[in-house]
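Q: Please take a close look at a single part of this model, and then place that part in the context of the rest. Keep the account plain, and give the cut-offs for the terms.

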Amino acid sequence: MNQDDLLFAKTHEWVAITTEDEGRFATLGLSAFAVEELSDLVFIELPEVGRQVKAEEPFCEVESVKAVSDLYAPVSGEVVAVNDTLPDALETLKEDPYGAGWIAKIRITDDAGLTHLMDYKTYQRQCEEEG
Amino acid sequence: MTVPQKTKPSDLARTALHDWHVAHGGRMVDFGGWSMPMQYSTILQEHQTTRTAVGLFDVSHMGRLHFHGPDVGRFLDSLLTRRVVDMHAGQIRYSLICNQQGGILDDVLVYRLETPGSQATPHSSSTPRSPDPSFQMVVNASNRTKILDWLTRQKADYDVQFHDVTHATTMIAVQGPLAISLVDPLLDCDLPALRYYRGKRTRFAQWSCYVSRTGYTGEDGCELIVAATDGPPVWESILRHGAERATGKGGIAAPIGLAARDTLRLEAAMPLYGHELTEQTNPIQAGLGFALNLQNRQFVGHEALMNFQAENHQPLRIGLQLDGKRVPREGYTILHAGQPVGEVTSGTYSPTFERPIAMGYVKQSAGAPGTTLQIDIRGKLHRAVVVPLPFYQRGLLSARKSLGNRHP
């Protein structure tokens with residue numbers, strides 16, 4: 001996926017919104033900047049399929065050599081799919097953060113979270129300030 | 001996720017190598033009031049470079065204090081858990097500084113320096129003691145001000161002078177199995193002949209240099225102290241010689257940040273002040289009995305330590321090994337049969353053993369090697385086994401596996 005077509009949370013998760021027959025879906029992952037900052041990832045605990053998540057609340061944990069970090073759900077909804085290949089191939093997060101490195105797919109039940117998301121340009125400005 | 005706070009460089013002290021770190025991709029963070037590199041490449045890569053070749057560490061943030069004067073030996077002996085007055089020039093000792101309650105104020109290295117003009121050698125024990133011996137002490141960065149204040153308060157009538165040479169000097173640790181052979185040709189002394197925990201003044205090219213066979217990684221190696229302004233050329237010279245001794249792609253030496261310094265010292269089970277050591281812990285429970293001389297001595301904390309030794313029921317420092325990938329972090333609760341028995345003080349994913357390891361303090365009844373404990377990792381109990389320390393000892397691992405570049 002092209003980063004310019006994605007939306008970003010201030011906590012560094014990216015979202016691709018798609019409309020399908022069954023409703024609106026958010027595929028999400030972790031930005032390239034965040035993966036670089038975390039460095040030396042050793043573990044990811046994926047959310048369970050079927051779990052209800054709430055925008056801006058933790059839904060997934062990544063463990064690096066140095067620290068453990070929460071990932072925050074960028075939207076509210078139900079987890080309908082997770083990328084099962086990730087735990088055994090964490091390098092995918094770095095090699096293809098916006099494609100093969102996707103983490104989960106959520107059926108959006110509430111649009112409220114969407115207003116907090118920003119486009120890539122705005123997100124990049126935030127990264128420059130943090131970096 | 002939340003990105004760790006980067007340093008606001010203006011508020012922090014800088015080593016003479018600061019600009020080099022920034023120019024070479026060092027991620028700078030606040031460490032004990034200093035702007036220091038956390039890492040340059042990846043932690044795993046830097047860790048393995050040190051375990052298999054040579055790692056270069058800027059440790060200039062460590063406090064370096066010099067002592068001299070007629071009473072210097074007696075003064076230091078009144079504060080240190082280990083006797084130093086009997087040290088010969090060139091000897092180095094690990095010691096602790098305790099408060100009256102036996103709590104640890106800092107863990108330090110004490111160096112008996114060569115006294116200018118007297119050519120005492122480590123072997124000539126009959127050499128008359130110089131009238132004015134001099135010592136160096138290396139203290140933790142975060143404790144430097146506290147220790148300077150403590151020394152000033154304890155000085156009383158001792159005829160001794162001390163001064164802080166931290167900012168005037170650069171200290172570089174060169175660590176790894178190839179460290180000695182890399183640095184030896186650059187020094188005007190026989191480095192392989194220098195024994196562990198010995199030091200001497202020599203020259204590195206045209207620069208005056210104090211070299212010691214010391215380190216904080218569990219590997220062989222040395223540490224160099226030069227004038228602050230000589231730091232960058234000495235640092236670059238070592239890297240250049242490392243590059244010339246190439247093994248395939250790239251050289252044998254690389255700069256290493258604080259993150260890998262932490263994983264290296266943790267595998268070697270070396271305690272870190274602020275984690276395993278605090279003013280609330282005493283040397284006996286920390287497993288540092290080797291750094292105590294209690295017989296026929298008086299020093300601050302002596303009485304308290306005698307008491308701790310007599311009735312030793314304090315929680316003990318232990319090592320823990322876990323399966324899986326979840327890493328116990330500082331402050332996590334340790335349980336035995338469902339009951340809390342202690343806390344983790346440091347934990348990491350061990351790059352060498354490819355599993356989580358931790359150190360912590362537990363009740364003595366739960367601390368025997370082989371005991372199965374649990375650690376509460378973010379609400380879930382994970383099985384952890386008490387193992388003897390250190391986790392890593394150089395030489396013992398090489399037969400098990402060679403550490404190739406297996407990580408992304």
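A: Chain A has 3 helices and 9 strands (DSSP runs numbered from the N terminus: H or I of at least four residues for a helix, E of at least two for a strand). Their order along the sequence is β-β-β-α-β-β-β-β-β-α-β-α. This is a predicted model, in which local features need pLDDT of at least 70 and side-chain atom pairs count only at pLDDT 80 or more, while totals for chains, interfaces and linings use all residues. Residues are numbered from 1 along each chain as its sequence is written, chains are lettered from A and ligands numbered from 1 in the order in which they are written, and side-chain values use heavy atoms, with hydrogens and water left out.

The radius of gyration of chain A is 14 Å, in agreement with the value near 14 Å for a compact globule of 131 residues; this radius is taken over C-alpha atoms, and the globule rule is 2.2 Å times the number of residues to the power 0.38. Along the principal axes, the C-alpha atoms of chain A fill a box of roughly 40 × 30 × 25 Å. Of the 131 residues in chain A, 53% are buried (buried is under 20% relative accessible area, exposed is over 50%, and partly exposed is in between, with a 1.4 Å probe and protein chains only). When contacts (heavy atoms within 4.5 Å) in chain A are taken between residues at least 6 apart in sequence, 59% of them join residues at least 24 apart. Chain A has an accessible surface of about 6200 Å², and carbon and sulfur atoms hold 45% of it (Shrake-Rupley method, 1.4 Å probe; for residues, only the protein chains shown count as cover).

The charges of chain A come to 10 positive and 28 negative side chains, and the centres of these two sets are 5 Å apart. Here Lys and Arg are positive, Asp and Glu are negative, and His and the chain ends are not counted; each charge is placed at NZ of Lys, CZ of Arg, CG of Asp or CD of Glu.

Two loops of chain A can be described by residue. A:Asp40 sits in the loop between α1 (32–38) and β4 (41–45). A:Asp40 has a positive phi of about 50° although it is not a glycine. A:Asp40 counts as buried because its relative accessibility is 9%. A:Ala55 belongs to the loop between β5 (52–53) and β6 (58–64) of chain A. Leaving out residues up to four places away in sequence, A:Ala55 touches A:Ala73, A:Pro74, A:Val75, A:Ser76 and A:Gly113. The C-alpha atoms of A:Ala55 and A:Gly77 are separated by 8.1 Å, with their positions 22 residues apart along the chain.

Chain A meets chain B through a contact that takes 28 residues from chain A and 24 residues from chain B. In the part given by chain A, A:Glu37, A:Val65 and A:Lys66 supply 28% of the area that this chain buries against chain B, more than any other three residues. The area buried between the two chains is about 2200 Å², with 49% from carbon and sulfur atoms (the accessible area, 1.4 Å probe, that two parts lose on being put together, summed over both).

Chain B, on the other side, has 8 helices and 19 strands. For its 408 residues a compact globule would have a radius of gyration near 22 Å, and chain B has 22 Å, which agrees. The C-alpha trace of chain B spans about 65 × 55 × 45 Å along its principal axes, and 58% of the residues of chain B count as buried. In chain B, 67% of the contacts between residues at least 6 apart in sequence join residues at least 24 apart. Chain B exposes about 17100 Å², of which carbon and sulfur atoms supply 51%. The mean positions of its 41 positive and 36 negative charges are 6 Å apart.

Within chain B, 9 of the 10 residues of α7(B) are buried, including B:Leu258, B:Arg261 and B:Glu267. These buried residues pack against β1 (28–31), β2 (34–37), α2 (43–52), β3 (54–58), β16 (339–350) and β17 (355–362) of chain B. Just after α7(B), B:Ala269 has a positive phi of about 60°. B:Asn296 lies in the loop between α7 (258–267) and α8 (302–310) of chain B, and its phi is near 50°, a positive value in a residue other than glycine. B:Asn296 is exposed, with a relative accessible area of 79%. B:Leu389 and B:Pro390 are joined by a cis peptide bond with omega of about 0°, and B:Pro390 is in the segment after β19 (380–387) of chain B.
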